[in-house]
Amino acid sequence: MSQTWWRGAAIYQVYLRSFADGNGDGVGDLAGLRARLPYLKDLGIDAIWLNPWYPSPMADGGYDVADYRDIEPDFGTLAEAERFIAEAHDLDIKVIIDVVPNHSSTESAWFREALANPAARDRFWFSDEPANDWQSIFGGSAWTQVPDGQWYLHLFAPEQPDFNWANPEVHREFEDVLRFWFERGVDGFRIDSAALLYKSDTGYEDLDEVHDVYRRWREVADEYGERVLIGEVWLPDQERFARYLRPDELHTAFNFDFLSCPWDPAALRRVIDLTLATHTPIGAPPTWVLSNHDVTRPVTRYGRADTTFEHGGRLHGTPSDPELGYRRARAAALLSMALPGSVYVYQGDELGLPEVENLPDELRQDPMFARSGGANPGRDGCRVPLPWSGDEPPYGFGTGTPWLPQPESWRGLTAQAQRTDPGSMLTLYRTALAIRRDRLGDGTMTWLPLGENVLAFTRESGLTCVTNLGPGPVPRPAGEVVLASGPLEDGALPSDTTVWLTTS
Ligand code: NOJ
């Protein structure tokens with residue numbers, strides 16, 4: 001792959017706890033992932049992004065990091081992580097890991113030291129009383145009191161104390177952490193909560209100082225060549241968003257506007273145009289993201305009357321038509337893979353898994369659920385362990401009882417059941433990713449005017465992507481069909497269907 005492999009890559013997101021369990025304890029791990037590398041190779045992805053794999057009390061699914069230079073024992077060992085990186089590289093798959101610079105864990109050495117010694121508190125935000133009325137993003141106050149009476153800031157759960165980025169030691173620490181993993185071969189970092197690092201009297205979102213951090217990180221990354229920095233930047237203001245992608249800062253950032261966009265032709269066209277208008281002038285490739293470990297699975301979301309996504313109002317339990325959602329998720333997958341730039345696939349979306357909305361409350365682990373007093377169901381429903389094979393739970397996930405229960409209805413959705421089925425979601429993803437590798441990815445696109453309900457564009461390779469979001473069939477442009485997300489009618493493209501054609 002070229003120096004700029006990340007510009008057009010298909011990146012598969014592995015939520016390790018739920019991917020595959022190699023040691024029978026019900027929790028996914030590196031042994032499980034290593035055993036499934038051939039599956040990912042066969043799927044046709046270019047890179048894996050792993051959610052945090054560090055030692056963690058798991059107060060927030062690993063985003064409460066206790067040690068940035070080691071591996072969570074439930075997941076494996078550092079030596080095993082190194083073996084995994086080497087094995088992925090042997091298969092020509094890049095490895096991207098998560099780094100969490102906004103906050104730590106109350107179990108980290110630095111925080112424990114701060115608790116024991118008030119003179120060692122400047123790496124975090126301590127004060128004699130809450131310095132403001134900020135609320136935690138997960139609900140409740142953003143301040144928690146320690147036994148000696150002081151309070152510390154946590155934008156997320158109380159187990160996740162925020163770092164003080166005004167302290168140069170924090171800068172040195174993270175630059176060293178980046179080096180630690182670059183030296184072990186990782187190809188890049190996904191940067192958690194990338195816009196929240198600095199705090200001031202007026203707020204914490206997107207303060208200008210944060211850009212100096214990423215300029216410095218970029219220098220570090222560039223020392224190692226061919227490494228990528230990917231920002232988790234939720235910012236509605238495109239001008240502010242683009243600042244993170246300046247040539248001396250991050251390489252790419254997630255496109256959350258696309259992810260949150262309803263299944264509506266005008267809204268999607270607007271988001272695509274806005275994305276291109278934001279990225280093209282600065283030369284940064286767009287990313288196309290439909291889903292991740294924080295949001296409602298597309299099959300469920302697209303089957304609802306309201307197809308938007310918002311963290312606060314997850315529309316949990318609102319009726320969802322499974323057939324409609326499935327059809328649209330297939331059409332959306334082909335649309336996202338045809339657009340110019342890189343594309344993300346969240347584990348299980350290639351199997352068409354729905355959101356699991358009926359988890360028993362006592363099994364829910366996401367702090368969003370408890371901290372909202374149960375008002376917000378949280379994100380466990382998109383984190384249920386994957387079904388690999390067999391007719392009943394644990395569906396080949398491992399030999400133990402999975403840490404979240406899998407629905408009986410997943411029998412037909414296992415990777416094994418779908419592997420040889422030409423009409424399955426898995427076959428669609430595999431076929432599409434193979435075509436994408438040769439003919440799509442990084443580049444430009446040209447819209448074709450095929451009516452207000454139709455999104456149609458051509459890529460440099462001559463491949464044309466047409467998605468019909470209207471209520472009824474529309475005429476299909478002439479050309480040879482390369483791939484379709486659903487059955488086609490004679491000369492027509494049915495509702496909620498995408499087709500890839502060559503029109504030359
Ligand atoms: C964003 C991550 O994607 C999410 O899972 C996590 O809870 C927050 N950042 C806090 O780290």
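I started with what packs over the buried residues of helix 3 (buried: under 20% relative accessible area, 1.4 Å probe, protein chains only), and the cover includes helix 1 (30–35), helix 2 (37–43), strand 2 (47–50) and strand 3 (94–99). Note to self: this is a predicted model, where local features need pLDDT of at least 70 and side-chain atom pairs pLDDT 80 or more, while totals for chains, interfaces and linings use all residues. Numbering runs from 1 along each chain, and side-chain values use heavy atoms, without hydrogens or water.

Helix 3, continued. I listed its buried residues: Glu80, Ala81, Phe84, Ile85 and Ala88. Down the axis they fall within an arc of 145° (taken from the directions from the helix axis to the C-beta atoms), so they line one face of the helix. That fits the rule that an α-helix has 3.6 residues a turn, so residues three or four places apart point the same way. After the helix comes Asp92, with a positive phi near 65°.

Next, the core. I took a nonpolar core as buried Ala, Val, Leu, Ile, Met, Phe, Trp, Tyr and Cys residues joined through side-chain atoms within 4.5 Å. The largest has 144 residues, and Leu40, Trp53, Phe84 and Trp500 touch the most other members. Helix 11 (residues 322–338) gives the most to this core, eight residues. Which residues does Leu40 contact, leaving aside neighbours within four places in sequence? I found Tyr12, Phe19, Leu33, Ile45, Ile48 and Ile93 (contact: heavy atoms within 4.5 Å). Another core, of 11 residues, lies apart from the largest one and includes Ala142, Leu153, Leu155 and Tyr204.

How values were computed:
Buried < 20%, exposed > 50% of the residue type's maximum accessible area, 1.4 Å probe, protein only. Helix = DSSP H or I, 4+ residues; strand = E, 2+ residues; numbered from the N terminus.
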